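Student: I'd like a close look at one residue in this model, and then a walk outward from there. Could you keep it in one connected answer?

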Amino acid sequence: MKLKRLKQGLGMSSIALLLSACTFNTKTTRTSTNTQTTSVADTTSIAETTTEDINSNITTTDLFTTTEALTSTAPVTTTYVTTTGEVITTTEAISTSVETTTAETTTIDNTTTVDNTTTANTTTVDTTTAANTTTEPVTTTVETTTEEETTTSPQTTTLNTTTADITTTFPYTSTNIATTTAIEVSTSNTTTYNSTTNTSSNVETTSEDLTTTESGTIDNMGSLTILTSKSYSEGAYIEAQLINGTDASDYTAYYKKTTDSTFVAIDSELVRVKNNKLRVDYLGLTEGSYDFKLEYNGNSSSYSTVSNVEVLEYDRSGYAHFYNSGIGAYNDDGSLKTDTVVVYVSDATKNTVTATIAGTTYTGLSNIIKAQKDSKVPLDIRILDEIQAQQWAYINDKSVYGTASTKARNANLDLAFSEVDWEDTSTRQDASSNYYKIGEDDIIAYGINELTDTGVKYDQDGNATTITGITHLDGLTNIINYSKNVDSKTGVQEYDSYYNELDVRGASNLTIEGIGEDAGIFQWGFCFNQCNSIEVRNLEFSSYTEDAIGIQGSKATNMDYHGYWIHHNTFNQGVNNWDVTYESDKHEGDGSTDFKFAYDLTISYCRYNMTHKTALIGSGSSSYQYNVTFHHNYYYKCGSRLPFTRNTNFHIYNCYYYASTGTNMQINDTAYAFIEGCYFENTNKTFTTSKGVIKLWNNIVNSTSSTAASSTIVYADSRTQAVTNSCQDKSSGYSWSGTDYSSFDTDKTLFYYDSTNQRTKVTRMDEASNVPAVVKEYAGSGCKAGVQDYYLGGEIIDDTTDDPIVDDPVIDDPVVEDPIVDTDYTTVEEASLTEENTTSLSNETYGENPGVYWYTNAEDSTNNYLTYNNGKMTLVDTSSEARTTAFYKYENTYNSGVVKYTVTLTPSTNSGSWTLAEFYDGNNNIIIRTDGSKYISYSIDGATTLNNILTSKMVANSTYVVTIIIDYDNGTVKIDVNGTSVEFNYQAGEIVAVKFMTAKAERNLTVSDITVATKNN
């Protein structure tokens, strides 16, 4: 809303009414005026008058009033009539900045006595309060100041205010703490007191147009204030300051591609209150640049936006996606599949949430997931917080928890179970040929054990935290088995439990994902039986009693089930308070990620904290499973099974093993593991084999117990070195039966292998020395990002030495000829790129003199700076919190003839939505940048419309010569990149400078050969 010019004679009382009735916008801006400014942050005293005997009953009502900032710079004439009858006129230029969020209205219902004169009207105190300000019931003394000393008699004073032509503008002002109190007192004698008081404490006002955060540019409007924006893989979030008295239901969030014109609303469940802030998550975003909008419901002019947020793809490297596409409910580009059923669930709604699948409505999280069996419609379960489940407590002398021998524990169990009449079928579950089965209700009824609403959670260093108030999650496994037969190993009848697992059978196209940074699973886990196309991401698993995630097919048809992608999860210790098996370590859970009788599995970017039985691949010597990838996982002080694998072809790369306490990798039973680019630090028993083979390439092993090379543990001399092994698919009845996997790592039909360059073909392959830093930052739950646009790894074999080439072998600096015939032009300016000709500035601009100017936002010069080498300057960016910008200001400018501007650019990554060079012409500028798909493009309209120049994506560390030829006389521009040209009509202005930028994604840019040439006549 815009406020029109106010007519002369509008009094201050009218302005006060206008402020209370209208909705205004606030936004950060630069404001400049040559007139004298009086700020309302100061207290103005007007002719001291005492207000007495104000007795009131106060009722308070929350009223949410949004007010624009009003700046008035025109002269204001004010007339004061004193109690002595003297009239004093003053004229001042007044600049008023008001920032508001929530108004709290206090109404005084009783009569008010002012100077011993009683009025019959109601007195209303309107208080507008900005963020972080609490307004108490207000008693106000109106004071009047005159230019001459005035004696005030006890009588009513009238303040008459005349406002001359007031021209109003709307600055966007950001203020941390500000309280504005407008008091309107109306009496039967039409005596009006208007006072504006601004109480300021540590008030800070920014003078920049926009506020830039970790990702995107924030534009705050009205009373809405966005505090943070950040992207993560195929998603993003914003945090905003809550308007006082509101909750999540009072807001609507929208998104759009930056190049689109229409915003689309997101699901209301993604707008939540977290830590007294409004948290909005945007999911299912394909790679590219996005704009977001947050709106206060019912007030379309009260909104804030974030623009140009760059979203990256997930790293889908590994076997899960080698033969399969669209794992889970999402397509490979990150968008949801057509007709996907999306279910939002929290701990409070875990047993009451509903969803309709194949025409039937199901209630409860367990029932909804189980209903996915044989469904053709994808299902996406979105977990909003930590979902908890009860487990067994051990009670009194019947406790079976501990490390006692099997016989001792079973003796206690025998006593506990002695009250059970196993022949009474009414008190037990179905009896199989091998087991009696007793259910949860019977266990409690017989006093064998009881459930607890208390659990223990461990952090990454083993520190325990007690969690209380846990409620039951319906639909989990709750059976205890008692063996009919004496176990040959222990000599006793065994007890076994399969407790607190969500047993999912026959599902497909299922994604289970955590939303935000605190979604988790506590005291339970998933077992996916005979499922296909399953994805689990962004969840923290704690205190699971059995498996956190178990995956298995069928022994009879072990190759029927495939396509599992487990990524960006955190696995903490398991806790089982009723360890009833002969496995003495089941009190820490039965396994974090176990996999058997299936194929095509990727576990990536996961973090394991002090887990004991971490990853079992294959349940026994006759269990076959194939095509398994582990990459970019962080194993922190874990016990064992990192992994323990049987009968599989296994690829492990870029994993970090720190201070493991047991055996790391156990490769058994004809399994073949190719391990490359991993980092082992202070590990114990790093590798063991039993009838299996390990091939090691380009790893760093700093272990407390070294492992010697042998026929089964091979430290390869080259990427293509063959090793002898017998890894072979032993399944039957399938077209791939008997497939030979003994050389899978060099066979592009069996493995993601670049046979031309002889390297593993993945999105990201880090050097082993960099792996600890990479996985510490990006592995685990909590919306980790940054997995794209890095060095594509692997190595080429040098035919003469067999030594690996460290640099990316695909990327060489090509010799690129200038496509323009140089004899047609004369070089008139060539930039000198040296440190001596460079000036560091405190803001993002360029100076008056020709040369290089650079700036790092947030003043983070420690991580972001310029370097020079042989006439090249590199914008160094090693911080995701800052951005490096460099300008080269030309010595001369031109507005006629034909002028050629040339720069040479070498980007360190192949990022999309990156402004590489911007030629300042005083109009819309000529911009060279990549679009969301990483194609080098140009724009002349503020980067809202992009036009591709090259038909292939930008390649990291490759060199691009950019030439811009401006024909000022004919109004045309020709842009050439590495010999590919586009030409269009555009009347350019004088090119003053060219700007280079790294953006906020840890990307470097090398610039050289900045020249200007004019065409010969």
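In which strand is N481 found?

Tutor: Keep in mind that this is a predicted model. N481 sits in strand β33, which covers residues 478-486. Its relative accessibility comes out at 15%, and the cut-off for buried is under 20%, so N481 counts as buried. Leaving out residues up to four places away in sequence, N481 touches two groups of residues: Y435, Y436 and K437 on the one hand, and E494, Y495 and D496 on the other.

Now for the aromatic rings. A search of the whole structure turns up 39 aromatic pairs. One of them joins W392 and Y499, and it is stacked, with 5.1 Å centre to centre and 25° between the planes. W392 belongs to strand β28 (residues 391-393) and Y499 to strand β34 (residues 493-499), so this pair ties together parts that are 107 residues apart in sequence. W392 and Y499 are both buried.

F541 and F571 give you another pair to compare: their ring centres are 5.2 Å apart and their planes stand at 10°, so this pair is stacked as well. It also links distant parts of the chain, since F541 is in strand β40 (residues 540-542) and F571 is in strand β43 (residues 570-571), 30 residues apart. F541 counts as buried because its relative accessibility is 0%, and F571 is buried with a relative accessible area of 0% too. The pair is part of a wider group: W524, F526, F528, F541, F571, Y608, Y635, Y657, F680 and F687 form one aromatic cluster.

F541 is worth a second look, this time for its contacts. Setting aside neighbours within four places in sequence, F541 is in contact with I521, F526, V536, A548, I549, N569, T570, F571 and N572. F541 also turns up in the largest nonpolar core, which has 68 residues; I381, L510, W524, F528, F541 and F630 have the most contacts inside it. Apart from that core lies another, of 45 residues, with Y888, Y901, Y938 and V994 among them.

L510 leads us on to strand pairing, as it stands in β36 opposite L379. Strand β26 (residues 379-383) and strand β36 (residues 508-514) pair in the parallel sense over five bridges. Both strands belong to an open sheet of eleven strands with parallel pairing, in the order β23-β26-β36-β39-β42-β45-β48-β51-β54-β57-β59. At its edges stand β23 (341-345) and β59 (713-715), each with a single partner strand, so one side of each has no neighbour in the sheet. On average, neighbouring strands of this sheet are turned by 10° against each other, direction ignored.

Last, the cysteines. The structure holds zero disulfides. Take C678: the closest cysteine sulfur to its own is in C655, 4.9 Å away, and a disulfide needs the sulfurs within 2.5 Å, so that gap is too far for a bond. C678 is buried, with a relative accessible area of 0%, and C727 counts as buried at 1% relative accessibility.

How values were computed:
Residues are numbered from 1 along each chain as its sequence is written. This is a predicted model: local features need pLDDT of at least 70, side-chain atom pairs count only at pLDDT 80 or more; totals for chains, interfaces and linings use all residues. Side-chain values use heavy atoms; hydrogens and water are left out. Buried means under 20% relative accessible area, exposed over 50%, partly exposed in between (1.4 Å probe, protein chains only). Helices (H or I, at least four residues) and strands (E, at least two) are DSSP runs, numbered from the N terminus. Contact means heavy atoms within 4.5 Å. Two strands pair if DSSP finds at least two bridges between them. Axes are lines fitted to C-alpha atoms, for helices over the stretch in contact, and angles run from 0 to 180 degrees between N-to-C directions. A nonpolar core is a set of buried Ala, Val, Leu, Ile, Met, Phe, Trp, Tyr and Cys residues joined through side-chain atoms within 4.5 Å. Rings of Phe, Tyr and Trp (its six-membered ring) pair if their centres lie within 6.5 Å; planes under 30 degrees apart count as stacked, over 60 as edge-to-face and the rest as tilted.
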